Structure formats: structure tokens, C-alpha cells
Amino acid sequence: MSEYVELSDAEKLQLLQEHSFQAPFPTLGQKNWCLHCEKEFDGYSARVWKGGDGSLWLECGTPGCDGSPIDWAPYPWWDPDHPLTRKHEAEVGRQTREY
Ligand SMILES: [Zn+2]
């Protein structure tokens, strides 16, 4: 049974920065996408729970979603028609053409 904990903003931001490699959180206001619920959430809404050994774990900010940092991304890459995905791919394409 997991227990949710409240961290200070600074502690939560540090935890996000330590664990969310694919979807960086420079601030708690940063929004990222979750593959589990396919929704956008920000650092403020992300939940933190404590494991049996006292370690802290992050959970997606969408109510009822148990997505974790490995499910998070800066844009919804699973949706090729999403404007953010198109924008990202346009940027990657531009960089490739520059070489
Ligand atoms: Zn989620």
C-alpha cells in the first residue's frame, strides 16, 4: 500500500529533475505528456508517494493515472498528427538537413 506525501515545491522539483530524464522539468510549471493517459500535466500536479523502504516515487498528475517518469515525454510522440509532434518532427528534420 502506497502512501502519498506532500513535498515542498523545491523538493518536488528536485525529485522531478532527478527522475524525469525524457521529459525535463526546468520548473514545476513545465508541462509534459504522459503515455499512460495521453494527457498533458504539469509539475505542480504530479503526485509523490513513498514506497515501503522510504524511497519517493513520482506519479502522473492526471487523476487516476499511475504513469511514472518512464512514461513521460515533452510532446505526444504517439500521436503523429498532434501539432506538437509535427512541430518537433519539423525541427528534427530541419536539423538533419543542415548537415
Ligand atoms: Zn498519466
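Two strands count as paired here if DSSP finds at least two bridges between them. Helices and strands are themselves DSSP runs, H or I of at least four residues for a helix and E of at least two for a strand, numbered from the N terminus. With that in hand, take one pair of residues: Val-48 has Leu-58, in β5, as its bridge partner.

Before going on, what we have is a predicted model, in which local features need pLDDT of at least 70, side-chain atom pairs count only at pLDDT 80 or more, and totals for chains, interfaces and linings use all residues. Residues are numbered from 1 along each chain as its sequence is written.

Now the overall layout. The protein chain contains 2 helices and 6 strands, and along the sequence they come in the pattern β-α-β-β-β-β-β-α. Its C-alpha atoms fill a box of roughly 50 × 25 × 20 Å along the principal axes. Of its 99 residues, 21% are buried. Buried means that 20 or more other C-beta atoms lie within 10 Å of the residue's own, exposed means 12 or fewer, and partly exposed is in between, with C-beta atoms placed from the backbone. Contacts are scored between residues whose C-beta atoms, again placed from the backbone, lie within 7 Å. Counting contacts between residues at least 6 apart in sequence, 50% join residues at least 24 apart.

Back to the strands. In general, strands of a sheet pair through backbone hydrogen bonds, either parallel or antiparallel. Val-48 falls in β4, residues 47-50, which pairs with β5 in the antiparallel sense over 4 bridges. On the pairing of β1 with β4, there are 3 bridges, also antiparallel, and Glu-3 stands opposite Lys-50 of β4. Together these strands form an open antiparallel sheet in the order β1-β4-β5. β1 (3-5) and β5 (56-59) are at the edges with a single partner strand each, so one side of each has no neighbour in the sheet. From one strand to the next the twist averages 45°.

The hairpin of β4 and β5 has 5 residues between the strands, and there Gly-54 takes a positive phi near 90°.

Which strands of this sheet does helix α1 touch? Helix α1, residues 9-19, packs on the sheet against β4 and β5, and its direction makes about 85° with that of β5. Angles run from 0 to 180 degrees between N-to-C directions, and axes are lines fitted to C-alpha atoms, for helices over the stretch in contact.

The second sheet is also open and antiparallel, with its 3 strands in the order β3-β2-β6. Its edge strands are β3 (39-42) and β6 (72-73), each pairing on one side only. 4 bridges join β2 to β3, and Asn-32 has Phe-41 of β3 as its bridge partner. On the other side, β2 (residues 31-34) pairs with β6 over 2 bridges, with Cys-34 opposite Trp-72.

Between β2 and β3 is a hairpin with 4 residues between the strands. Glu-38 lies in that loop and has a phi near 60°, a positive value in a residue other than glycine. For background, most residues other than glycine have a negative phi. Glu-38 is partly exposed, with 15 other C-beta atoms within 10 Å.

Next, the interior. A nonpolar core is taken as a set of buried Ala, Val, Leu, Ile, Met, Phe, Trp, Tyr and Cys residues joined through C-beta atoms within 7 Å. The largest one has 11 residues, including Leu-13, Leu-16, Trp-33, Cys-34, Phe-41, Leu-58, Cys-60 and Trp-72. At least two residues of this core come from α1, and at least two from β2. Trp-33, sequence neighbours within four places aside, is in contact with Glu-40, Trp-72, Ala-73, Tyr-75 and Pro-76.

Last, Cys-60. Where does Cys-60 lie? Cys-60 is in the loop between β5 and β6. Why does Cys-60 count as buried? Cys-60 is buried because 24 other C-beta atoms lie within 10 Å. Leaving out neighbours within four places in sequence, Cys-60 is in contact with Cys-34, His-36, Cys-37, Phe-41, Ala-46, Cys-65 and Gly-67. Of these contacts, Ala-46 is 14 residues away in sequence, with 5.0 Å from C-alpha to C-alpha.

Definitions and conventions
Two residues are in contact if their C-beta atoms, placed from the backbone, lie within 7 Å.
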